[in-house]
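Me: I'd like to learn how to read a fold piece by piece, with you giving the idea first and the case after. Can we work through one together?

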Amino acid sequence: MRRLYGRQARIYDPTRAAILFGHDALVADLALEPGARVLDIGCGTGRLLPALSRVVGRSGRVVGTDCVASMLERASHRTSALPNVELVLGDREFDWPDGPFDAITLAYVLTLVPDWHDAIEEAGSRLGVDGKIGVIDFSVRPIWPIRRLFEAHRIEFGEARRDHLRTRFATLTDIDARARTGLWNYFRFTGRNRT
Ligand SMILES: C[S@@+](CC[C@H](N)C(=O)[O-])C[C@H]1O[C@@H](n2cnc3c(N)ncnc32)[C@H](O)[C@@H]1O
């Protein structure tokens with residue numbers, strides 16, 4: 001992971017603009033209140049952070065965490081003018097800031113994590129009572145040769161992650177969308193912590 005994304009940081013934003021969709025819609029789905037505390041796990045170059053910062057406002061707090069320093073450096077440039085955003089580098093697999101958070105986001109992270117089941121549990125354990133989770137990720141396996149491209153980036157498809165989210169959280173939104181290119185699907189899921 002560190003080697004792959006360590007090398008990708010410089011070209012990440014221009015190359016992913018045509019691949020990763022749904023970020024602004026996920027923030028809208030979460031319907032966060034001003035003052036909320038939000039954790040963005042695997043924040044990468046910070047694609048979600050400005051929108052999260054805007055909705056939680058000055059009284060809120062957004063923490064972005066990632067395990068790749070060069071990705072966080074990009075996030076740091078992107079958020080330098082946003083005083084309610086903090087960035088935290090993790091050095092172990094689930095080395096994420098402690099909660100409780102009002103919301104946790106994982107955008108295009110779970111299909112990269114082999115221990116995704118534990119990742120969902122770890123995220124859930126950092127949510128407060130009534131906290132919300134928001135996930136966007138690839139859903140249906142694309143056709144070859146697009147699939148080869150995804151596999152080269154260690155992306156694993158499958159409905160199991162999404163099914164587990166539906167079981168672990170009380171579903172608020174569960175939406176399938178087609179990538180702009182029409183070549184694959186992604187989903188946006190938001191759910192409330194079950195207490
Ligand atoms: C495909 S990128 C997505 C970045 C960002 N969320 C976005 O939507 O543009 C996946 C990111 O997750 C990070 N990541 C993967 N596993 C992680 C883990 N266990 N803890 C923290 N970050 C992780 C990677 O370093 C990478 O920056």
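Me: Let's start with the hairpin of β6 and β7: how many residues sit between the strands, and which residue there takes a positive phi?

Reply: This is a predicted model, so keep that in mind throughout. As a general idea, most residues other than glycine have a negative phi, and most peptide bonds are trans. In this hairpin there are 6 residues between the strands, and G182 takes a positive phi near 80 degrees. The two strands themselves, β6 and β7 (residues 185–193), pair in the antiparallel sense over 9 bridges. If you want a spot to look at, D176 stands opposite F187 in β7.

Me: Where is a residue other than glycine with positive phi?

Reply: Look at A31, with phi near 45 degrees. A31 sits in the loop between α2 (23–30) and β1.

Me: And which peptide bond is cis?

Reply: The one from G99 to P100, with omega near 5 degrees. You'll find P100 in the loop that links β3 and β4.

Me: OK, now the sheet. In what order do the strands come?

Reply: A general point before you look at side chains: in a regular strand they alternate between the two faces of the sheet. Here, 7 strands make an open sheet, ordered β3-β2-β1-β4-β5-β7-β6, with mixed pairing. At the edges are β3 and β6 (169–178), each pairing on one side only. From one strand to the next the twist averages 15 degrees.

Me: What packs on that sheet?

Reply: One answer is α3, which touches β1, β2 and β3, and whose direction makes about 160 degrees with that of β2.

Me: In which sense do β1 and β2 pair, parallel or antiparallel?

Reply: Strand β1 (residues 37–41) pairs with β2 in the parallel sense, over 5 bridges. I41 and T65 in β2 stand opposite each other. To get from β1 to β2 the chain goes through helix α3 (residues 49–56), and this β-α-β crossover is right-handed.

Me: What joins β2 to β3?

Reply: There are 5 bridges between β2 and strand β3 (residues 85–89), and these strands run parallel. Here G64 stands opposite L87 in β3. Together, β2, α4 and β3 make a β-α-β unit, also right-handed.

Me: How many bridges join β1 to β4?

Reply: 4 bridges, and β1 and strand β4 (residues 101–107) run parallel. D40 is the residue standing opposite T105 in β4.

Me: Now helices. How should I read the packing of α1 and α4?

Reply: In general, two packed helices are described by the angle between their axes and the distance between the axes. For α1 and helix α4 (residues 69–78), the angle is about 25 degrees and the axes are 7 Å apart. Angles under 35 degrees count as roughly parallel, so α1 is roughly parallel to α4.

Me: Which residues meet in that contact?

Reply: From α1 you have Y5, G6, A9 and Y12, which meet S70, M71 and R74 in α4. By type, the residues of this contact are 4 nonpolar, 2 polar and 1 charged.

Me: Last one: which residues come nearest to the ligand?

Reply: There are 21 residues around the ligand, and G42, G44, R47, V68 and A107 come nearest. If you go by elements, α1 (2–16) and β2 (61–66) each supply at least two residues of the shell.

Me: And how does that shell divide by residue type?

Reply: The split is 13 nonpolar, 4 polar and 4 charged. Try displaying α1 with the ligand, as this helix supplies shell residues and also packs with α4.

Conventions. Residues are numbered from 1 along each chain as its sequence is written. This is a predicted model: local features need pLDDT of at least 70, side-chain atom pairs count only at pLDDT 80 or more; totals for chains, interfaces and linings use all residues. A residue is near a molecule or strand if its C-beta atom, placed from the backbone, lies within 6 Å of it. Ala, Val, Leu, Ile, Met, Phe, Trp, Tyr, Cys and Pro count as nonpolar, Asp, Glu, Lys and Arg as charged, and the others, Gly among them, as polar. Axes are lines fitted to C-alpha atoms, for helices over the stretch in contact, and angles run from 0 to 180 degrees between N-to-C directions. Angles under 35 degrees count as roughly parallel, over 145 as roughly antiparallel, 65 to 115 as roughly perpendicular and the rest as oblique. Two residues are in contact if their C-beta atoms, placed from the backbone, lie within 7 Å. Two strands pair if DSSP finds at least two bridges between them. A crossover is right-handed if, with the strands pointing away from the viewer, the path from the first strand over the helix to the second runs clockwise.
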